[in-house]
Amino acid sequence: MERSWIIRFLRWFCPTHLLEEIEGDLLQRFERDANKYGDKKARTKLIKNTLRFFRPEIILRNKFSKPILHYMFRNNIKIAFRNFARQKSYTLLNIIGLSLGMAASLLILQYVKYERSFDTFHSRANDIYRIQYNGWQNGKLNYESAVAVPAASAALKNNFPEVEEYSRMLPLSGVIQYEKPGEEPITFREEKAMYADTSLFKIFNFKIVQGDQATCLKGLNKIILSESTARKYFGNENPVDKLLLHNGNRTVEVTGVFEDVPENSHLKFDFLVSYETLNKQTEDQSANSWGWYDFYSFVLLKPGTDVEALQAKWDAFVLKTRKEEWDKFNRKQDFLLKPLTSIHLESKLLYETSPEELRDGKSVYALSVIALFILVIAWVNYVNLATARSFNRANEVGVRKVVGAFRGQLIIQFITESILLNIIAAVLALGIVFALWSSFSSLTGWNIPVDYLLQKDFWLLVVGLFLLGALLSGFYPAIVLSSFRPIAVLKGKMMRSSGGNFLRKSLVVFQFVASVVLISGSLIVYQQLNYMKTKDLGVNIDQTLVLKGPEIAADSVYEKNLEALRTEILRIPGVKGVAGSQNIPGVENYWTMGIKRLNGGPNGWNTVTHTGFDYEFVSQYKINVIAGRSFDRKFPSDAKKVMLNRAAAKELEFDDPAKAIGEKIISGRDTMEVVGVLEDFHQMSLKTAIIPLVCRLSPSASSFYSIKLETDNYKSVMEKIAEPWNTFFPGNPFDYFFLDQHFNKQYSRDDRFGEVFTIFTGLAIFIASLGLVGLASFMTVQRTREIGIRKVLGSTETGIVVLLSKGFMQPVLVGIAIACPIGWWLMGQWLQSFPYHTQIDFWVFVAAGFLVVLIAFLSVSSQTLKAAMTKPAETLKHE
Amino acid sequence: MAKEFLGEFEELVLTLVAALKDDAYGAAIAEEIETRMKRDVNLSAVHVTLYRLEDKGFLKSGMGGGTNERGGRRKRIYTITNAGVATLKAMKEARVDLWKLVPQLKIG
């Protein structure tokens, strides 16, 4: 019996001092049971009874003696608070550093989380893919576009069972009017509208609040609108079944209302118009075309689909069905399935829905690294100050050890201190986060929802950072402090170990490497932003007001009225000129067509962007004509002529722009002669490269009228324009904006990023210098007597400051030396992501280094100066 | 110091230790509860309760002599302390006082 496995189990878990009696009692019971019920039943009873002893009261008995543990813990806390109180400034430095560091990283990580949350609110976000369209010409990649041909997504769905659903969207804009009998019509120009069909709601989780999800976009001229747009037009009226007028000539019926599209959706729209309307207008081109690529195309895949395998099958399918067509034009089309959730942080294609909102994923991750740096700098402060002060507490440790403290108990005591400090810092950090939340949110340019702060993972993060901080920063000092040998300490022979000194210095070096990298980083970010904003665009957008062209007008009088308006505008004092165009800088060119040379040049067609403008455009925008001439009223035949930009001339393989003049090109269905070549100018921000452009003459009927001003008083000018506008184009909204502001909006997200980067850089340096102040103050106190003696012997105050600061400046200088190449390399990588970027100047590192040295010197000398100024009599009389 | 209260089972075990005198050990107490109170009891529950009462200072213990009966294992013999006796008494008196407040119940 005694060798039964169950008794062996008991011997394994039961504390030895209880084992004998328990084993005895169990055996006694077994013998009694065996007499009563028989051997077999007694055996099962024994097993049950033994297993019941497997409980914490038995297993852990006397492992931790409760009262002792309790008193020890209380005592630790008491001692910790006494220490905090004794070293107020030191405690304050630590708490400020830790809480700022924690708050900063909590804020940054919430921001990063928001940037990563884009498009994830759809319940099947991970099964949704957007089709990226790559166009190849003559074996060369011509463009990578976010819009694809409408036939692609349909073919995917019809030939592959893995595809559950597909949906296409085509953006449109125009003037929408709501005419209420007996009242002024409510009119707005709307830019965020899409043609779409109901499959949209099967793929995405956009919510319909009124109307039927399955039928609201069925039929011709049906429209659904967002809740806020519905309020804009209808107030409190029920929008359903109401009629709206689009561009003054098409009546559409409201069949539903959807919830406003969330801010963290890459797709943004206020209106959806039924796709059938579009199919009717385009005679089903919008359903079947393999060439027209203006369509955002999405597919929903069955859960668990192997996307790579599907892509391979699909590529083979496209090749098989399209090969013949491609060969005619020497082209090739790729349709790539790209995950919906990767768009916001990774996609950088032509014709993105809101390109200015897209973020560079790497920059966002870089911010999280900064968050970590700030936190580590704060932890390093704690470690440094705690170990530096160890000398002070050596006596305490010695006495405790002599009285009988175990090393483990001392470690627990010092970790208790770091836990307490971290708790205080964490509570403060939470306060800071809650207080600064709304200003931080607006700093990032997003409305990051407040309920991020109530979610479970936020609190897990808080607890995680706290525990990590408490243990990481508490552990090393605890080991060092508890390692003192009591005899040496109590004899007063404690020497500061040079090993600890070295570690402390390396940590300071690390802090300043991080600081210098961050400072030079933010300087370079600003340089690049400045470079992009001030670089010559090749087109002059200053002092230009842009008036959006009228959409509602009877065809018969349109041109005549336009000419009259132009004359009226030119008559206004302060107006230098008016130029009409289909597009303006800062607005992406959606008009693309295939072009080729009539004679020679590359085989097949090249798809390039097109625009149209009037006679004045080139001269008013000061675009350089590098060959030939601009459109001119003197030549009536110019209507059949085109201008190219340098990139287009190169695309058509004219090795010299001048050779293009007089050559014929085919653009779409028209054969046209080249009259001039323009210097490349930036249509879009410097974040994108210049692409080939063909310019046609479009003397009237423009989308934009650019008014060049000579005066700063644009308000009176606009008032004077509004008058003839309303006479000639009644019912059209009078919308205008400053072109340079509009153009620079493309950089607003980058500006935000720069600001966030700089603020947190500042924080990192601040926390690092807090640590330096603490170290310096401690070290000068240690050397008070030495300073006194030096002064008595005739040392000057400057001499003493220099002497004391030397020790601190050394790691700072080493830090700068290490940081420069790291910063150079990192920021070089970052700059490479811009097609047009500034060069890294050496002075950036000189400036960053100088700034850091200055900050470090100020922090250190604030302490050393105090020591140097003290009268030696004060310091020496204590002996 | 806060007054220590005893649970029902604790009181039962404490009383039995007082009653069994020199023969108060885990298995005996468990058996006594089973036979006298006609209720099933866990050996481990009795042990844990004894340890707890000892922690509270109501019992003290020492190892008794070995016997052949239980594979030669010794018993841990418990004796009640003065504090234990006082608490038991106080509890009993309190109960009697309360009982007096109850209107006389007639059985049958």
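Reader: Leaving aside neighbours within four places in sequence, which residues is I374(A) in contact with?
Author: Heads-up, this is a predicted model: local features need pLDDT (the predictor's confidence in each residue, from 0 to 100) of at least 70, side-chain atom pairs count only at 80 or more, and totals for chains, interfaces and linings use all residues. Residues are numbered from 1 along each chain as its sequence is written, while chains are lettered from A and ligands numbered from 1 in the order in which they are written. Contact means that C-beta atoms, placed from the backbone, lie within 7 Å. With those neighbours set aside, the partners of I374(A) are G101(A), A104(A), S105(A), F760(A), L763(A), A764(A) and I767(A).

Reader: Which element gives the largest share of the largest nonpolar core?
Author: A nonpolar core is a set of buried Ala, Val, Leu, Ile, Met, Phe, Trp, Tyr and Cys residues joined through C-beta atoms within 7 Å, where buried means 20 or more other C-beta atoms within 10 Å of the residue's own, again placed from the backbone. This one has 72 residues, and I374(A), I377(A) and A764(A) have the most contacts inside it. Helices here are DSSP runs (H or I, at least four residues), and strands are E runs of at least two, numbered from the N terminus. The biggest contributor, with 16 residues, is α14(A).

Reader: And why does this core lie between two domains, and which ones?
Author: Domain bounds come from an automatic or database domain assignment. The core lies between the two domains because both give residues to it: domain 2 (68-117 + 360-495) and domain 4 (501-535 + 739-879) of chain A.

Reader: How far apart are the C-alpha centres of domain 4 and domain 5 of chain A?
Author: These two domains do touch, with 12 residues of domain 4 of chain A in contact with 14 of domain 5 of chain A. Helix α24 (residues 739-744) of chain A supplies the largest share of the domain 4 side, 5 residues. Centre to centre, the C-alpha distance is 52 Å.

Reader: Switching to chain B, which element gives the most to the side that touches chain A?
Author: 15 residues of chain B are in contact with 18 of chain A. Elements giving two or more residues to the chain B side are α2 (26-37), α3 (43-56) and β2 (74-80) of chain B. The top giver, with 5 residues, is α3(B).

Reader: What ipTM does the predictor give the complex?
Author: Chain B has a mean pLDDT of 85, with 92% of its residues at 70 or more. For the complex, pTM is 0.76 and ipTM is 0.88.

Terms used. Buried ≥ 20, exposed ≤ 12 C-beta atoms within 10 Å, placed from the backbone.
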